[in-house]
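Please look at how two helices and the nonpolar cores are packed in the structure below. The briefing starts with helix contacts and then turns to burial and cores.

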Amino acid sequence: MAASDIVDLLRLGAAHRTDTERVPLLRARGRVLADAVVTVRSGLRAELRSGHRLTATDLGALAEAGHAEVPVARRPTVAVFTGGDGLRPPGVPLAPGERFDACRALLMALLQEAGLEPVAWPILPAAPDRAEGALADAAQAFDLVIACVEADERGDPRWAPLLATDSAHDAIPMALTPASPGSPSAPPLRAWAAARGARAPRSLCLLLPEDAATVANAWSSTGARLIDAMQGVVERGEEVRAASRPPSPGVFAAEGRDALELDVAEAGARFAAGATLIDVREPHEHALGVPDGAIALPLSQLESGAAALPAALASGKAVALLLCASGQRSLRAAALLRTRGVAAAFSVRGGAAAWQAERGSSPGALGADALDRYDRQLRLAGVGAEGQRRLLDARVVVVGAGGLGSPAAFYLAAAGVGTLALVDDDRVERSNLQRQILHTDRAVGVPKVASARERLLALNPSLRVDAVEARVGPDNVEGLLRGADVVIDGSDTFAARYLLDAACRELGIPLVYGAVERFTGQVAVFDAGRRRGAAPCYRCLFPEPPDAEAAPNCAEAGVLGVLPGLVGLLQATEALKLILGLGEPLVGRVLTVDALSMRFRTLELPVDARCPGCGADARFDGYAAIDTFCASR
Ligand SMILES: [Zn+2]
């Protein structure tokens, strides 16, 4: 496209950037005042100028002053017709059914980014007279009509209304951006614009060439500027002329996808020889690690011009290797860089996945499944790839696959805690299902740990779930807990609680305690094993087990099913925080939940200097002694 065509296009497009409508006060809230300065009569405060966003207060004042409607700025609406795959990204073959959708999707996204309101119009009807009607309808309803056709479709009678120069359809004037200057079917743009003076066109027709590389070229050099022009971002032709360096003809003409791509071996050789490796994935993907030696430069920033090219490439002689997740975006980036004078820009075929597979993945790299699965937490500050790796490397022992263990293990599995060990010796009973959500009706009679394991692996097959069908006792407690990063106490007997507490102290493992009864629950983190004297243990809270009457279990007292759900999730939250080193763990505090009053309270729990578990005089006489002591109550 010649520079003069671009200038004309800008002049035409710029007329679209503001539009005004009068809107009743009722609907004007939040909109931007346009065109006018509205001064409300004396006694009322509001004096509003163009560009002011209307608030409820303004509207009230305007109403009091007798205004019924106000002029507001309107975002131009755009109807988008696509007549082919002219806007597909280069090198991406699309199935016949997909191609219209793909073009539209791309163009719509670009227009939306530009602040316009695009609406995808159905593909033009095949019959010319109906096509004409469709275009005329669109021209009535929208500020702008964009129709995209491929160069080889220009002879298509459907396009005749757009291509006609005799203005038989003056209701839809048009501007043409000929992909091939001098094409006989393209009326001279300047002549067309001059004939209409300052009046804006109602439609723009982009004629794009059919071969993918040239499309990429044309799109990257004119598409963004066209949108800028419609927004009024770029107004001066001179700037555009300076900014646009029209690619030398034929740069892409002879090149297809093959010429834009290198396989990993070839790319690796060029990399070793000093080529610049650019990772064009977006920032949240970069957070997961950029390949060694690569520069992170998101495609979105390259396309918008927000990011400058590395100095090494400015000479135009260096080799650029572009890398994305799978090799599609990097293909676009390669085509784009070539338009910016980097003649040797190549996409690495297969993307980062192939690059890592062939060159040896970096230790601890997350696979594609993990990137996808944990996407929402990978974006979190404090988690990211490093945190996710910590979770995947973690081992959490969940004692009890019941009311507390169910929700806790479910969410820990979902979050990607790499190894979960479930310890329980019960079988699923129907009366469990009211709260033990890991188990299903079909699992009644099945060992809880087996039922839980199946359910957890169905949620996240990449984990290791150890199903330990056992009851925590003095002989096995240390063996069960050894190697754990965190222990979740979902047990339902005092003997188990005191044993877990003692073993966690001995082994130096944080214990996430939870308990429920009827409508109340409590949660705490006991970390006396690692922080003796600074963090309390369970026995700082309950030095001795209560007698059976004072502490009935769920079977006797009953429990509202959601209560263990609430408490189990709080336990899972604490476990994740402990593994990630995030936030403030519930150490030295007990959180209590009262579902009836729906109150959460946090009680301070100081270390008890005389605690029989962790106090100065505490003596550990072995697990059997604890068991005996509990049994005697
Ligand atoms: Zn203690």
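The buried residues of helix 11 pack against strand 10 (261–262), strand 11 (276–279), strand 13 (319–323), strand 14 (344–348) and helix 16 (351–359), where contact requires C-beta atoms, placed from the backbone, within 7 Å. This is a predicted model, in which local features need pLDDT of at least 70, side-chain atom pairs count only at pLDDT 80 or more, and totals for chains, interfaces and linings use all residues. Residues are numbered from 1 along each chain as its sequence is written.

**Helix 11**
- Val 264, Ala 267 and Phe 271 are the buried residues of helix 11 (residues 264–272), buried meaning 20 or more other C-beta atoms within 10 Å, and exposed 12 or fewer.
- These buried residues cover an arc of only 65° around the axis, which puts them on the same side of helix 11; the arc is taken from the directions between the helix axis and the C-beta atoms.
- The face turned away from that buried side carries the exposed residues Ala 265, Ala 269 and Ala 272.

**Helix 23**
- Helices are DSSP runs of H or I with at least four residues, and strands are E runs of at least two, numbered from the N terminus.
- Helix 23 (residues 494–507) is mostly covered, with 12 of its 14 residues buried.
- Gly 508, just after helix 23, takes a positive phi of about 70°.

**Nonpolar cores**
- Among the 77 residues of the largest nonpolar core (buried Ala, Val, Leu, Ile, Met, Phe, Trp, Tyr and Cys joined through C-beta atoms within 7 Å), Leu 499 is one of those that touch the most other members.
- A second, separate core of 32 residues includes Leu 277 and Ala 345.

Methods: Contact = placed C-beta atoms within 7 Å.
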